[in-house]
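Q: I am new to this structure and would love a close look at a single part of it. Could you walk me through the nonpolar core and then show me what lies around it?

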Amino acid sequence: MSRRVRTGALTWGGALLLAVAPLTGCTTDGAPRETGPTTATADPHAVEPPRIPSAQGLPGEVQRLLLADERHGFAQLLACSEAPEEGCRSHLLALEDGADWELRDLPPELAGEDTGVTRLLVAGPGRARLETDAGYLGAHEGEEELTAWKTFDGARSWEPAGTGTPGTLEEIPAAAPLHTLSVPGTTAPGGGDGTGEAEEPERLAALDPETGEFGVLAEQPPLRNMTPVAGTLPDGSHAVSGLDPETAQPAVAVSADRGRNWRTSRLPGPQPGDPEYAPVFHALTVGPDVLYATVTGGPDAHGTVLGIHRSTDLGDTWERTWDPSSGPGPATVLGQPVAAGDGSLTVHAQDGIHRSEDGGRTFTEVREGPPPEFVVRTPAGHLAQSLEHQGHYRISADGYTWHTIILTGE
């Protein structure tokens, strides 16, 4: 089944959101502004954002918007009945060639069931993998509850997907998204003190667009607690953040040959023996010509920002530009910081939105209070999801000029 849903310009608070506006960047309260083609051409910092259409009349609320590129993607919907015994049901939207969103069927095996707990992973334009919530990403033989399907034609048809132990890949397939999988029967350096090995560690894997299946890379980045960067760096390299297994110090691994070899650099900062320094995670932010690494952790709250680092040579060397002793700045980080085309760095924190205009050295609070959006990086650009209005998004290719997307049942 495939039918179109209504698309076009929608209103929010009485303002026409999809009309062009002679503004760029952000408002004084830190919210991204809508821009149009004329402005993007005139402003030297601006890059035209993807023109992904909006849609209304949807049979449920959008739970996830997943983009393969600027013209292709999927949206996962959830419709819950007021009658508890009827439960919730999933629906799926597909976007092809930047045209209208179309409602598509789920795999026939899910028809008539409570499918409100399915997991969708985009493998490429028109290509996706769907897993039921009874399983989990990377489940293997013996996990009888896991069921999975894959599509190569924009969810017009589905076929069963493998759920056994993934194979091995010598290199990352072209345009393949990276994930981490827990693989039974394998070991890797662990513990953080250079001793012992971690059993069933997370391994870096790629979701192959050609097969719809996972493959674990033969050459693994020498890191633990890995987080792969969505998409690639400006030069096409792949990057992964994590912790050095010998020292537990934050580190970055970069591959210029699609995962066949990795070069690793540690981030500067307090030594791991410092009781106030307990990193548990750090995220890489990719800008037009710069990388930022935001280290979080701490003895009490995992979300506390311990430091911000900057690299202008694609992760070979790093400069620690800010830490809590440097002055005002973000105490926490929500989602992905945005390194914009105008050279600014914006960090969404629990207490407000903070922006740096000098390479992450000093910050100004541009909006007080919990932020209205949560930003992630996608293959199509920065995607900001509204935390106040279900199904409301903004997208930007450069973190500076933005386009609004509204997917709603109204």
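**A close look at the core**

A: Let's begin inside. The largest nonpolar core has 18 residues, and L65, W101 and L407 are those with the most contacts inside it. Several strands each supply at least two residues of this core: β6 (61–67), β7 (73–80), β8 (88–95), β9 (101–104) and, from much later numbering, β34 (392–396). The largest share comes from β6, with three residues. Apart from this core lies another one, of 14 residues, which includes A68, F74, V122 and A155.

It helps to step back for a moment and see the setting. This is a predicted model, and the secondary structure of its protein chain comes to one helix and 35 strands. Of the 410 residues in the chain, 52% are buried. If you take the contacts between residues at least 6 apart in sequence, 48% of them join residues at least 24 apart. As for the outside, the accessible surface of the chain comes to about 17800 Å², and carbon and sulfur atoms account for 49% of that.

Now to a sheet you can trace by eye. Four strands form an open sheet in the order β14-β19-β18-β15, with mixed pairing. At its edges are β14 (167–169) and β15 (178–182), each of which pairs on one side only. From one strand to the next, the twist averages 50°.

Start at the β14 edge. Here β14 pairs with β19 (residues 214–217) in the parallel sense, over three bridges. One place to look is G167, whose bridge partner in β19 is G215.

At the other edge, β15 and β18 (residues 202–207) run antiparallel and are joined by five bridges. Look for S182, which stands opposite E202 in β18. Is β15 enclosed or open, as far as its residues tell us? Four of its five residues are buried, so β15 is largely enclosed by the rest of the structure.

The loop between β14 and β15 holds P177. With a relative accessibility of 23%, P177 counts as partly exposed, because the buried class takes in only values under 20%. Leaving aside neighbours within four places in sequence, P177 is in contact with V122, A123, A205, A206 and L207. One of these names should sound familiar: V122 is among the residues of the 14-residue core. P177 also makes a good example of how sequence and space can part ways: P177 and L121 are 56 residues apart in sequence, while their C-alpha atoms are 9.2 Å apart in space.

For a last stop, move along the chain to T332, in the loop between β27 (319–322) and β28 (338–339). Is T332 buried or exposed? Its relative accessible area is 14%, so T332 is buried. The side chain of T332 reaches the backbone nitrogen of Q350 at 2.9 Å. Q350 is also one of the residues in contact with T332 once neighbours within four places in sequence are left aside; the others are G303, V305, V347, H348 and A349.

To retrace the route in the viewer, begin with L65, W101 and L407 in the 18-residue core. Next, follow the open sheet in its order β14-β19-β18-β15, pausing at P177 in the loop between β14 and β15. Finish at T332, where the side chain reaches the backbone nitrogen of Q350.

Conventions
Residues are numbered from 1 along each chain as its sequence is written. This is a predicted model: local features need pLDDT of at least 70, side-chain atom pairs count only at pLDDT 80 or more; totals for chains, interfaces and linings use all residues. Side-chain values use heavy atoms; hydrogens and water are left out. Buried means under 20% relative accessible area, exposed over 50%, partly exposed in between (1.4 Å probe, protein chains only). Contact means heavy atoms within 4.5 Å. Accessible areas come from the Shrake-Rupley method with a 1.4 Å probe; for residues, only the protein chains shown count as cover. A nonpolar core is a set of buried Ala, Val, Leu, Ile, Met, Phe, Trp, Tyr and Cys residues joined through side-chain atoms within 4.5 Å. Two strands pair if DSSP finds at least two bridges between them. Axes are lines fitted to C-alpha atoms, for helices over the stretch in contact, and angles run from 0 to 180 degrees between N-to-C directions. A polar contact is a pair of N or O atoms within 3.5 Å; within protein, one must be able to donate a hydrogen and the other to accept it, and residues adjacent in sequence count only if both atoms are side-chain atoms.
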